[in-house]
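Colleague: Please pick one part of this model and go through it closely, contact by contact. Add how the neighbouring pieces are put together, if that can be said.

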Amino acid sequence: MTNWQALEKKYFMTTFKRMPLTLDQGQGARVWDEQGKEYLDFTAGWGVNSLGHCHPAVVGAVSLQVRTLIQASNQFYTIPQIKLAELLVGNSCLDRVFFCNSGVEATEGAVKLARRYGKLHLDGAFRIITTFNSFHGRTLSMIAATGQAAHQELYVPLPDGFVNVEYNNVSAIKEATSPDTCAVMLEPIQGEGGVNIPADDYLKEVRAWCDEKGILLILDEVQTGIGRIGTLFGHVSFGVEPDIMALGKGLGGGVPLGAFLAKEKAAVFAPGEHGSTFGGNPLACAAGYATLKYLIEEDIPGKVRETGAYLMSELTKLKSKYDFITELRGKGLLIALQFDRELSDSVVRACLDRGLLLNPVKPNAVRFVPPLNITKNDVDEAVGILEPVLAELVK
Ligand SMILES: *Cc1c(COP(=O)(O)O)cnc(C)c1O
């Protein structure tokens, strides 16, 4: 049998800390390795497989599209991207869309749009306020936006024009605002930062501040969007409307697809000011359209609220039982369990051995980001695997 992991070690740049598991197949919330061993997948490709692996709605749409038209470039109109645009705009508070291929292209594009807005309407203001522990992607400018020293130090000098301030602190944003500021960019809940949930009125107060100053609010919903926290977009849960929103991860149901949307007043790009070769290609947009349509028609966000609450209540039981669990944070199906020491790798590894895939989001916190359509039985099975792993740790 081919030793894929040895070949990877030979040929790849060593950027990824991979688990010793080679995945071969997926169906719903399950994946199988090369030997046919089954795993319950509570990582969902880092929150990407919103409807699980190879959902029939996505497979059907992609299979049809791949035989119809794969790519045509934006020199022409193509139908799937227009259908998806209509669905996104029709189900959000935003008016116009730009399609790209990943989360970081969406945040980067959102920032470029805010800079154009600053040039045109705010006397050339260009600075964007972002927060510590945020994650906005890995281009040089999005590393500057991502307020994590560990990411930034490696690549100095970084592009200018970003100020990082404390998350969940409105005064910090107010103090950092200057005549140079054109926008504030936030995640409604910090995902990679460890599933950090702000106070209920944080986003509302930031929204009010942006309105007072006439600056834009960009929400990076790459992780919180597309039903993840129990509403189609995260900002709906917090009762605010962004001027610009970035989407990625779950949007394509597993196929690479990103987008940013804007209110009419902020959609200021003129022809030629932004672009993409693959962005909005028919294949990815057919997947996105099928995913979003299913999500809306089947009220998956409603199911996320239910299943998320159930997972939360089961994990709460574990928290009260094991005092090395110091915190449980989450909303919908974006949940993290925090330990009093760096236990993530050993917990994740032990769960893997027993057939459950989890994500070690921080050295002391594991993240649950399962497909949005998992069942209560899946939750019971996951907790049934996790519990003895935790019990083993107190021995
Ligand atoms: C994952 C993520 C990104 C980056 O997405 P990529 O597709 O990896 O470029 C940006 N912002 C947030 C909030 C994310 O979770």
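Modeller: Gln 223 places a polar side-chain atom 2.8 Å from an oxygen atom of the ligand, which is a polar contact (a pair of N or O atoms within 3.5 Å; within protein, one must be able to donate a hydrogen and the other to accept it, and residues adjacent in sequence count only if both atoms are side-chain atoms). Backbone atoms take part too: a polar one of Gly 103 is 2.9 Å from a ligand oxygen, and a polar one of Phe 135 is 3.1 Å from a ligand nitrogen. The protein buries 81% of the 390 Å² that the ligand exposes when taken alone, with accessible areas from the Shrake-Rupley method and a 1.4 Å probe.

This is a predicted model, in which local features need pLDDT of at least 70 and side-chain atom pairs count only at pLDDT 80 or more, while totals for chains, interfaces and linings use all residues. Numbering starts from 1 along each chain as its sequence is written, and side-chain values use heavy atoms, with hydrogens and water left out.

The residues around the ligand (a heavy atom within 4 Å of it) include Ser 102, Val 104, His 136, Glu 187, Asp 220 and Lys 249. By class, this shell has 3 nonpolar, 5 polar and 4 charged residues.

As for the pieces, the domain assignment gives domain 1 (1–41), domain 2 (56–297) and domain 3 (302–367 + 380–386 + 388–392); such bounds come from an automatic or database assignment. Between domain 1 and domain 3, the C-alpha centres are 22 Å apart. In contact (heavy atoms within 4.5 Å) are 11 residues of domain 1 and 10 of domain 3. The two bury about 880 Å² between them, 63% of it from carbon and sulfur atoms; buried area is the accessible area (1.4 Å probe) lost on putting two parts together, summed over both. Of the area domain 1 buries there, Met 19, Tyr 39 and Leu 40 supply 51%, more than any other three residues.

This interface also has 5 residue pairs in polar contact, both at pLDDT 80 or more, and 2 salt bridges (a side-chain nitrogen of Lys or Arg within 4 Å of a carboxyl oxygen of Asp or Glu). Lys 17 forms a salt bridge with Asp 345, the closest N and O atoms lying 3.5 Å apart.

Key. Nonpolar A, V, L, I, M, F, W, Y, C, P; charged D, E, K, R; others polar.
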